[in-house]
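Reader: I should like a close look at a single part of this model. Please examine one residue in detail and then place its surroundings in the wider architecture.

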Amino acid sequence: MEHQIQNYIGGDWHAAQSGAYLDNYQPATGKVYSRLPDSDARDVELAVEAARKALPHWSKCGAQERFQILMRVADLIERDIESFASAESADSGKARTLARTVDIPRAIANFRFFATAILHFSSEAHPMEGEAVNFTLRQPLGIVGCISPWNLPLYLFTWKIAPALATGNCVIAKPSELTPMTAYLLTKVCAEAGLPAGVLNILHGLGGKVGQAIVEHPEIKAISFTGGTATGRSIAQTAAPMFKKLSLELGGKNPVLIFADAPFEEMLNTTVRSSFANNGQICLCGSRIYIQRPIYEQFREAFVARVKALRVGDPEAPDTNQGALVSQQHLEKVAGYIRLAQEEGGKILCGGQRVEMPGELAGGYYLQPTVIEGLPIGCRTNQEEIFGPVVTIAPFDTEEEGLAFANGTNYGLAATVWTNDLMRAHRVAEQLHFGIVWINCWMLRDLRTPFGGVRQSGVGREGGLEALRFFTEPKNVCIRYW
Ligand code: NAD
């Protein structure tokens, strides 16, 4: 076996207490290429013990020390960026170029952003004239759990871990069992950067086993979770009666609303990306595209031509646009939705088939990017999250109708709007029931902004001050003047 991943507990690398390992498949080939520990509640217990020992120093050492260590972590990931990018691509099937230019740089940025943010973090004072002053002490929660998905492995893992550590918490973190490799590499750079033992503990294994044990552990005070809506619901059922603080970043079914006055070329380029970046496996991808009728035909023709030109293939090849999907199971799920779309009356305009690759890649999970039209707004294909390279397109007439289509799901993560009409941009943005609205752009991210969804896309916000506040407990201290 080429790689054997280990848990990271108390600054050291360990097998799971069970002694068992799970197979880790390489999506590009469909073959097992590493193994990860099959951890359970016993490993969580050891990690909590280690975190408990580390907490008094880490929570009190001060922002300056935490800043320096987290900046070193960022520098070391940057030093090793090529091996991180290769590992991310091998583990997830995403094009290596994407991992090299987006995922890993963003993980580095997450550490730098929160390392510096903690130096500027402040809290409020509420003076009561002539009587007293209240001030808000923001203290670390203690030991917190961070659980993340497979689609942007290190990017989303660090998006949680960095603010949790910066605010002085000790962390028990679990990456997805489908993409554990860069979390494992992260442990090496954390040790080299001098992160004290037990401050960050990383456990590997199945969500229903070790993930559930993290959520259930009474000493773990908060859970920051990114993943599917059904998993979020189950985590809330366990954590809410224990009164844990919860941040749930869940699924989406994001609309793209294109008005006839949109800047056409710019809109087309970005809509290809917002539909198929990372094979559509980004929670922010727009999967329902609504186009105002006067430009519907023009859009359909140009869009389908551009999608047909996307190159599906070896994630390692520099000119690959679309690598492999993350797993056989996910490939089957997405293919199942393409069949469902046809049963529901949809017409496939392009794609829809698996891509057979030669040689070593023959067993990989490749799928053509797929565009479907002719589906009713309320059908399952247009209501359920597919999370793959599949989009539907449909025309709309008026602004009201476009808004009704866009708002017409139970999800509320991100919406994209294309228009040159400033007044309309404001009007529509105000009426969209989503946590994030992009006007004439997509995935333009400023890490200071609140990030998260409404309705079935989640509860709570990450990013900037929201994350620093989530990972701290506000305590009001009221001091009376004499
Ligand atoms: P998932 O819910 O299956 O798993 C996410 C993580 O939770 C994994 O680490 C998994 O092992 C763990 N887990 C599973 N069951 C658990 C349990 N009972 N207790 C504790 N942990 C458990 O999601 P996924 O398939 O890995 O990721 C895809 C989903 O993530 C999509 O729905 C996507 O929209 C969503 N997502 C959302 C955002 C966002 O910011 N809103 C970002 C990325 C992905």
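Author: Methionine 443 is a suitable place to begin, for in this predicted model the residue is buried, its relative accessible area being 18%. That classification follows because the value of 18% falls under the 20% limit that defines a buried residue. Methionine 443 belongs to the loop that runs between strand 20 (436-439) and strand 21 (454-455). Its backbone deserves attention as well: phi is positive, about 55°, although the residue is not a glycine. Most residues other than glycine have a negative phi.

Asparagine 279 offers a parallel case elsewhere in the chain. Its phi is likewise positive, near 60°, in a residue other than glycine. Asparagine 279 sits in the loop between helix 9 (264-276) and strand 14 (286-292). With a relative accessibility of 3%, asparagine 279 also counts as buried.

From methionine 443 the path leads to leucine 284, since Met443 is among the residues that leucine 284 touches. Leaving aside residues up to four places away in sequence, the other contacts of leucine 284 are Asn254, Leu413, Ala414, Ile436, Trp438, Trp442 and Phe451. Leu284 also has a prominent place in the largest nonpolar core, which comprises 93 residues: together with Leu186, it touches the most other members. Helix 5 (residues 153-166) is the greatest contributor to this core, supplying ten residues. Both domains take part, with at least three residues of the core drawn from each of domain 1 (3-250 + 457-480) and domain 2 (254-448). A second core of 23 residues is separate from it and includes Val272, Leu310, Val391 and Ile393.

The relation between the domains can be described further. The C-alpha centres of domain 1 and domain 2 are 30 Å apart. Across the boundary, 31 residues of domain 1 are in contact with 30 residues of domain 2.

Two other buried residues extend the picture. Threonine 381 lies in helix 12 (residues 380-383) and is buried, at 0% relative accessibility. Again without residues up to four places away in sequence, threonine 381 touches Lys253, Tyr337, Leu340, Ala341, Glu344, Leu375, Ile386 and Thr392. Serine 34, part of strand 5 (residues 31-37), is also buried, with a relative accessible area of 0%. The C-alpha atom of serine 34 is 5.7 Å from that of glutamine 4, although 30 residues separate the two along the chain.

The ligand site completes this survey. There are 31 residues around the ligand, of which Ser148, Glu177, Thr231, Leu250 and Glu385 come nearest. Polar atoms of the protein approach oxygen atoms of the ligand at several points. For threonine 231, a polar side-chain atom is 2.6 Å from a ligand oxygen. Serine 148 contributes a polar backbone atom at 2.8 Å from an oxygen atom of the ligand. Tryptophan 150 has an N or O atom of its side chain at 2.8 Å from a ligand oxygen. Of the 850 Å² of accessible area that the ligand has on its own, the protein covers 89%.

Note on methods. Residues numbered from 1 in each chain as written. Predicted model: local features only at pLDDT ≥ 70, side-chain atom pairs only at ≥ 80, totals over all residues. Heavy atoms only, no water. Core = buried A, V, L, I, M, F, W, Y, C linked by side-chain atoms within 4.5 Å. Buried < 20%, exposed > 50% of the residue type's maximum accessible area, 1.4 Å probe, protein only. Helix = DSSP H or I, 4+ residues; strand = E, 2+ residues; numbered from the N terminus. Domains from an automatic or database assignment. Contact = heavy atoms within 4.5 Å. Near = heavy atom within 4 Å. Polar contact = N/O pair within 3.5 Å; in protein donor to acceptor, adjacent residues only side chain to side chain. Areas by Shrake-Rupley, 256 points an atom, 1.4 Å probe, with all protein chains shown as cover.
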